[in-house]
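This note sets out, point by point, what can be read from the model shown below. The points begin with a single glycine and widen to the strands, an aromatic pair and the internal cavities.

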Amino acid sequence: MELQQTDGLRVLLVEDDGDGRRLYALWLTEAGFTVKQAHNGLQALERAFESVPDVVVTDLNIPGIDGFELTRRLKLDPRTCEVPVIAVTGYAAFQADPARARRAGCDVVLEKPCSPDDLEAAIRNLIDGPRH
């Protein structure tokens, strides 16, 4: 299911939990973004290469290839190397190695549970720059 706004920035949302993915997609759509969804890393790569998003929001613990490898591949490909990546991850994964997502190429790391306002602010800051 693709939720879309015709005038919004394009977000590729990668989350294997169906309920969480639907909730994030709803939040992002209500904030004015056009949302494409993927439930694993390989599907996310396919979607990113067929229609380059403005930003990728990904869980790090996803099937196929994890969010770390997804980010590395996106950053190495000339089609998607400039696309910002926001990792949204659970506390345990983040605490185990807080810098791992950054080393993989993630531009921002948000900890779950992540509020709709925090996610929207992170996306807008990456796309538009910080607001003063």
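1. Glycine 32 has a relative accessible area of 24%, so this residue counts as partly exposed. The model is a predicted one. Glycine 32 sits in the loop that links H1 and E2. Its C-alpha atom is 9.7 Å from that of glutamate 120, although 88 residues separate glycine 32 and glutamate 120 in sequence.

2. For orientation, the protein chain holds 6 helices and 5 strands. Their order along the sequence is β-α-β-α-β-α-β-α-α-β-α. The chain has 132 residues, and 45% of them count as buried.

3. Helix H1 covers residues 18-30, and threonine 29 is part of this helix. Threonine 29 has a relative accessible area of 11%; because buried means under 20%, it falls in the buried class. Between the C-alpha atoms of threonine 29 and valine 11 the distance is 9.4 Å, with these positions 18 residues apart along the chain.

4. The search for aromatic pairs across the whole structure returns 1 pair. The ring centres of tyrosine 24 and tryptophan 27 are 5.1 Å apart and the ring planes meet at 85 degrees, so the geometry is edge-to-face; the cut-off for that class is over 60 degrees. Both residues belong to H1, where they are 3 residues apart, or about one turn of the helix.

5. How accessible is tryptophan 27? Its relative accessibility is 23%, so tryptophan 27 counts as partly exposed. Tyrosine 24, by contrast, is buried, with a relative accessible area of 10%.

6. Strand E2 spans residues 34-38. It is largely enclosed by the rest of the structure because 4 of its 5 residues are buried. E2 pairs with E1 in the parallel sense, over 5 bridges. The path from E1 to E2 passes through H1, and this β-α-β crossover is right-handed. Individual bridge partners can be named: arginine 10 is matched with threonine 34 in E2, and leucine 12 faces lysine 36 in E2.

7. Strand E1, residues 10-14, is also mostly covered, with 4 of its 5 residues buried. Besides the pairing with E2, E1 runs parallel to E3, and 4 bridges join these two strands. Leucine 12 has valine 56 as its bridge partner in E3, while leucine 13 stands opposite valine 57 in E3. Leucine 12 therefore has a partner in E2, lysine 36, as well as one in E3, valine 56.

8. How many residues of strand E3 (residues 55-59) are buried? The count is 5 of 5, and the strand is mostly covered. In a regular strand, side chains alternate between the two faces of the sheet. In E3, Val55, Val57 and Asp59 point one way, Val56 and Thr58 point the other way, and all are buried. The buried set on this strand thus includes the aspartate, Asp59.

9. E3 is further joined to strand E4 (residues 85-89) by 4 bridges, and these strands run parallel. Valine 56 is opposite valine 85 in E4; in E1, leucine 12 is paired with valine 56. A right-handed β-α-β unit is formed by E3, helix H3 (residues 67-76) and E4.

10. Rolling a probe the size of a water molecule over the atoms shows where empty space is left. In this structure, 3 cavities of 30 Å³ or more are found. The largest cavity holds about 70 Å³ of space.

11. Which residues line the largest cavity? They are Arg10, Val11, Leu12, Thr34, Lys36, Arg47, Ala48, Ser51, Val52 and Pro53. By class, this lining comprises 5 nonpolar, 2 polar and 3 charged residues. E1, E2 and helix H2 (41-50) each contribute at least two residues to the lining, and E1 gives the largest share, with 3 residues.

12. Several lining residues recur from the points above. Arg10 and Thr34, both in the lining of the largest cavity, are bridge partners across E1 and E2. Leu12 and Lys36 also line this cavity, and they stand opposite each other in the pairing of E1 with E2. Val11 is in the lining too, and its C-alpha atom is 9.4 Å from that of threonine 29.

Notes: Residues numbered from 1 in each chain as written. Predicted model: local features only at pLDDT ≥ 70, side-chain atom pairs only at ≥ 80, totals over all residues. Heavy atoms only, no water. 1 Å grid on protein atoms, 1.4 Å probe; cavity = no way out; pocket = protein on both sides within 12 Å on 5 of 7 lines; lining within 4 Å. Points joined across faces, edges and corners; volume = space filled by probe spheres on them. Nonpolar A, V, L, I, M, F, W, Y, C, P; charged D, E, K, R; others polar. Buried < 20%, exposed > 50% of the residue type's maximum accessible area, 1.4 Å probe, protein only. Right-handed = clockwise from strand over helix to strand, strands pointing away. Phe/Tyr/Trp six-rings, centres within 6.5 Å; stacked < 30°, edge-to-face > 60°.
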